[in-house]
There are 2 protein chains.
Amino acid sequence: MSKRSSVAGRAGDAELRADARRNRQLIIEAAQQLFLRDGADVPLEEIARRAGVGIGTLYRRFPDRNALIHAAGLAMLERLAELAESAWREEPDAWHALRRFLRGALELRLGALQSVIEPRLHAAMRAAPELREIRQRIIVLVERMIRHAHQDGALRPDVEPGDIALMMTMHVQLPGAAPDERAVRRVVEIMLDGLRAGDQPELPDGAMPIGAVQPDPVEP
Amino acid sequence: MSKRSSVAGRAGDAELRADARRNRQLIIEAAQQLFLRDGADVPLEEIARRAGVGIGTLYRRFPDRNALIHAAGLAMLERLAELAESAWREEPDAWHALRRFLRGALELRLGALQSVIEPRLHAAMRAAPELREIRQRIIVLVERMIRHAHQDGALRPDVEPGDIALMMTMHVQLPGAAPDERAVRRVVEIMLDGLRAGDQPELPDGAMPIGAVQPDPVEP
DNA sequence: GGCTAACCGGAGGATTTTCCTCCAGTTGAC
DNA sequence: GTCAACTGGAGGAAAATCCTCCGGTTAGCC
């Protein structure tokens, strides 16, 4: 057995020479930024350029666009899960945990990234159980936050998980560059204030359902 | 003077045969939908297809992509202005006007469309005074709504015009198709509740500035 | 320090996408 | 009924994107 072999932890990340592993990471980060800014069809060459590596390196590590989307989606879901878990673990109550989670998801634009690559991820999810598994973990945790926050009377009672999910994916695009951090933060705070229990009028029906990955759609 | 000539109302719309005018309108509507869904780089052929006209027809009416973006942007700004004006005219007070305006902008996705094509519109705006003029009219009206709503004590005092502008451009993308109307509506209502005057904590600094079209950036 | 397997960048040809003109046929307005 | 205006889409030009291949470089181990 070669010295390098291992349990092969997260597929692709282990068993690489140090420089290769570093570049792989740079590529994923660049991909996340560009997917977010330009959509999932952004030229791979541009991703390579932003990562500061050659196009050859990108192709060596990710044989096709789907592999890259898969990796970027996995990294994103892992950050989201980590965000939800630390919030739940460290905040004093469910409302604060939910608030921290939403702030993080919106400021890191994790939800927005999700909304951009999710269509492509759907195909991957059916094939890749680990993606489904992480996604499920996040859903369970957020649902738990909501349930407890309701019980505590901190979250307005008519808010449903689907509402939170939709808010997470809200995308702020501004002419040209990325929107100003601080300006977005203000809007997030306004939304959070709208979520607090109070004497608001009841929300209309029709919350978005959230749940498992849908079964295969019929081919067009 | 030919019988067809006229004051040439909105450029390009008048002096066309009925079928041509109808097709022109269909093209603009298709362009708005696709710009919103796929970004401002969507192939013109796809726009023609969705409009149900040939590619030749599209090119005859809009010599290049910019002309189409210009027309779509103009139509969008006109609807926004109309929305702001009717809200101001027909609602009993500034808060209700602002609420109606925001609901409309978010549900019609006018702000989102704006955010998609605004980068391209910027160039057009410098050249096209009528775009600047409409845009300015909207800004003035919304600022007036905010000012009055503040005076009435209905809008939380730390909300600034830039916050409203940013909320307008919020984009809800969902995997695949357009997001469900009713689900989005709920989130809009939550945001509106966050805007109402109450005992919320103060917003952090850093509201987005809004204003005139910026001067020409230096060429890269 | 020296060795070598693993890694790197990017030139460049193949492929796909997008553009945009042109013209034979159709239609609305008078 | 006439005809100027309009229509759709075929198809070649141009541009964008993909993706392989290989000479040169480097990390890791002795």
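1. In this predicted model, strand β1(A) and strand β1 of chain B (residues 170–172) run antiparallel and are joined by three bridges. Within this pairing, M170(A) stands opposite V172(B), a residue of β1(B). The reader may wish to begin here, since the strand pair links the two protein chains directly.

2. The contact between the protein chains involves 41 residues of chain A and 41 residues of chain B. Together the two chains bury about 3,500 Å² between them, and carbon and sulfur atoms account for 69% of that area.

3. Polar and charged links also cross this interface. Six salt bridges are counted between chain A and chain B. One of them pairs R186(B) with E160(A), with 3.9 Å between the closest N and O atoms. In addition, ten residue pairs, both members at pLDDT 80 or more, are in polar contact between chain A and chain B.

4. Which elements give two or more residues to the side of chain A that touches chain B? They are α6 (110–127), α8 (161–168), β1 (170–172) and α9 (181–195) of chain A. The largest share, twelve residues, comes from α9(A). By class, this side of chain A has 20 nonpolar, nine polar and twelve charged residues.

5. The second topic is DNA strand D. This strand is surrounded by 23 residues, of which R65(A), N23(B), G56(B), T57(B) and R60(B) are the closest. Of the atoms of DNA strand D that come within 4 Å of the protein, 57% belong to sugar and phosphate.

6. Individual atom pairs show how both protein chains meet DNA strand D. In chain A, a polar backbone atom of A18(A) is 3.1 Å from a phosphate oxygen of the strand. In chain B, the bases are involved: a polar side-chain atom of R17(B) lies 3.0 Å from a base nitrogen of DNA strand D, and a polar backbone atom of G56(B) is 3.3 Å from a base nitrogen of the strand.

7. The surface near DNA strand D draws two or more residues from each of several helices: α1 (18–38), α2 (44–51) and α3 (55–61) of chain A, and α1 (18–38) and α3 (55–61) of chain B. Which element gives the most to this surface? The answer is α3(B), with five residues.

8. The composition of the surface near DNA strand D completes the account. By class, this surface has nine nonpolar, five polar and nine charged residues.

Terms used: Residues are numbered from 1 along each chain as its sequence is written. Chains are lettered from A and ligands numbered from 1 in the order in which they are written. This is a predicted model: local features need pLDDT of at least 70, side-chain atom pairs count only at pLDDT 80 or more; totals for chains, interfaces and linings use all residues. Side-chain values use heavy atoms; hydrogens and water are left out. Contact means heavy atoms within 4.5 Å. Buried area is the accessible area (1.4 Å probe) that two parts lose on being put together, summed over both. A salt bridge is a side-chain nitrogen of Lys or Arg within 4 Å of a carboxyl oxygen of Asp or Glu. A polar contact is a pair of N or O atoms within 3.5 Å; within protein, one must be able to donate a hydrogen and the other to accept it, and residues adjacent in sequence count only if both atoms are side-chain atoms. Helices (H or I, at least four residues) and strands (E, at least two) are DSSP runs, numbered from the N terminus. Ala, Val, Leu, Ile, Met, Phe, Trp, Tyr, Cys and Pro count as nonpolar, Asp, Glu, Lys and Arg as charged, and the others, Gly among them, as polar. Two strands pair if DSSP finds at least two bridges between them. A residue is near a molecule or strand if one of its heavy atoms lies within 4 Å of it.
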